[in-house]
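The following exercises concern a single protein chain and are solved step by step. Please consult the sequence and the structure while working through them.

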Amino acid sequence: MRHEHDAELVAQIAQESSAALEELSRRFTPLLRSEAYRILGDADDAADVAQEVLWKVWRHAGEYDRSKASVSTWVGVLTRRLAIDRLRQRQRRMRLLDGQPRESEAVAPEAPARVDAHHRSRIVRTALGELPREQRKILELMYFRDMSQREIARATGIPLGTVKTRAGLAVRRLRQVLAA
């Protein structure tokens with residue numbers, strides 16, 4: 001019975017019923033946050049993922065097929081995918097920054113350390129500036145706007161394979177420049 005009610009809510013959301021979305025949100029947000037937190041280990045990120053899942057439900061409710069999965073399975077899969085994407089983005093950023101702590105986590109550095117950090121930052125900015133514009137744009141969206149490659153492809157209209165290729169080329173080129 002509950003599965004049918006959930007599917008009915010999604011059908012109403014496909015007809016742009018904000019009341020149906022509110023009801024679905026009320027029922028599923030705790031589950032979405034819990035699942036995202038299990039993967040990410042961060043409550044704020046988990047809340048963001050839950051909101052993103054609900055946004056995707058709003059935008060793609062018409063694509064839901066009750067013969068393939070229950071609503072709880074559908075939103076659960078969306079949650080896991082988005083949480084894993086966010087985790088991968090976090091890991092990519094950390095690899096790119098080579099393990100340097102964020103300013104909010106760092107102990108106030110001494111003057112020589114600040115100069116060194118500024119120097120490294122300038123080197124990274126210079127290296128980014130040497131990349132072809134198309135590759136630089138992909139990295140900026142990935143690392144500074146926290147977008148997945150799939151999201152970049154959708155937002156820019158560039159095929160996903162091209163986004164992946166440009167990202168790979170850009171990261172390899174940055175590594176070469178930074179290693180020197």
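**Exercise 1.** Describe the salt bridge between glutamate 4 and arginine 66, and state where each partner lies.

*Solution.* In this predicted model, the side chains of glutamate 4 and arginine 66 form a salt bridge with an N to O distance of 2.9 Å. Glutamate 4 belongs to helix α1 (residues 2-14), whereas arginine 66 is found in the loop between α3 and α4. The two residues are 62 residues apart, and the pair thus links distant parts of the chain. Next, consider accessibility: glutamate 4 has a relative accessible area of 47% and is therefore partly exposed, since that class lies between the limits of 20% and 50%. Arginine 66, at 41%, is likewise partly exposed. A search of the whole structure finds 11 salt bridges.

**Exercise 2.** Determine which parts of the chain are tied together by arginine 27 and aspartate 6, and whether each residue is buried or exposed.

*Solution.* The side chains of arginine 27 and aspartate 6 meet in a salt bridge of 2.4 Å, N to O. Because arginine 27 lies in helix α2 (residues 18-40) and aspartate 6 in helix α1, the pair ties together parts that are 21 residues apart in sequence. Buried residues have under 20% relative accessible area. Arginine 27 has a value of 16% and so is buried; aspartate 6, with 3%, is also buried.

**Exercise 3.** Analyse the salt bridge of aspartate 48 and arginine 86, and name the network of salt bridges that holds these residues.

*Solution.* The side chains of aspartate 48 and arginine 86 meet at 3.6 Å, N to O. Aspartate 48 is in helix α3 and arginine 86 in helix α4, so this salt bridge ties together parts that are 38 residues apart in sequence. Aspartate 48 is partly exposed because its relative accessibility is 38%, while arginine 86 is buried, with 16%. Both residues belong to a network of salt bridges that links Asp45, Asp48, Glu52, Arg86 and Arg90.

**Exercise 4.** Check the span of helix α3 (residues 43-60), then describe its start and its buried residues.

*Solution.* Helix α3 has 18 residues, and at 1.5 Å a residue the expected span is 26 Å. This span is 1.5 Å times one less than the number of residues. The end C-alpha atoms are 25 Å apart, which agrees with the expectation. At the start of α3, a side-chain oxygen of aspartate 42 comes to within 3.1 Å of the backbone nitrogen of aspartate 44. The buried residues of α3 are Asp45, Ala46, Ala47, Val49, Ala50, Val53, Leu54, Lys56 and Val57.

**Exercise 5.** Classify the aromatic pair as stacked, tilted or edge-to-face, and locate its members.

*Solution.* A search of the whole structure finds one aromatic pair. The ring centres of tyrosine 64 and tryptophan 74 are 5.0 Å apart and the planes stand at 40°, so the pair is tilted. Tyrosine 64 lies in the loop between α3 and α4 (71-96), and tryptophan 74 in helix α4; the pair therefore ties together parts that are 10 residues apart in sequence. Tyrosine 64 and tryptophan 74 are both buried.

**Exercise 6.** State which residues make the nonpolar surface patch of about 190 Å², and describe leucine 178.

*Solution.* The patch is made by Ile123, Val124 and Leu178. Leucine 178 is placed in helix α8 (residues 160-179). With a relative accessible area of 35%, leucine 178 is partly exposed.

Technical notes
Residues are numbered from 1 along each chain as its sequence is written. This is a predicted model: local features need pLDDT of at least 70, side-chain atom pairs count only at pLDDT 80 or more; totals for chains, interfaces and linings use all residues. Side-chain values use heavy atoms; hydrogens and water are left out. Patches are made of residues with over 30% relative accessible area and no salt bridge: like charges are joined within 9 Å, nonpolar side chains (Val, Leu, Ile, Met, Phe, Trp, Tyr) within 5 Å. Accessible areas come from the Shrake-Rupley method with a 1.4 Å probe; for residues, only the protein chains shown count as cover. A salt bridge is a side-chain nitrogen of Lys or Arg within 4 Å of a carboxyl oxygen of Asp or Glu. Helices (H or I, at least four residues) and strands (E, at least two) are DSSP runs, numbered from the N terminus. Buried means under 20% relative accessible area, exposed over 50%, partly exposed in between (1.4 Å probe, protein chains only). A polar contact is a pair of N or O atoms within 3.5 Å; within protein, one must be able to donate a hydrogen and the other to accept it, and residues adjacent in sequence count only if both atoms are side-chain atoms. Rings of Phe, Tyr and Trp (its six-membered ring) pair if their centres lie within 6.5 Å; planes under 30 degrees apart count as stacked, over 60 as edge-to-face and the rest as tilted.
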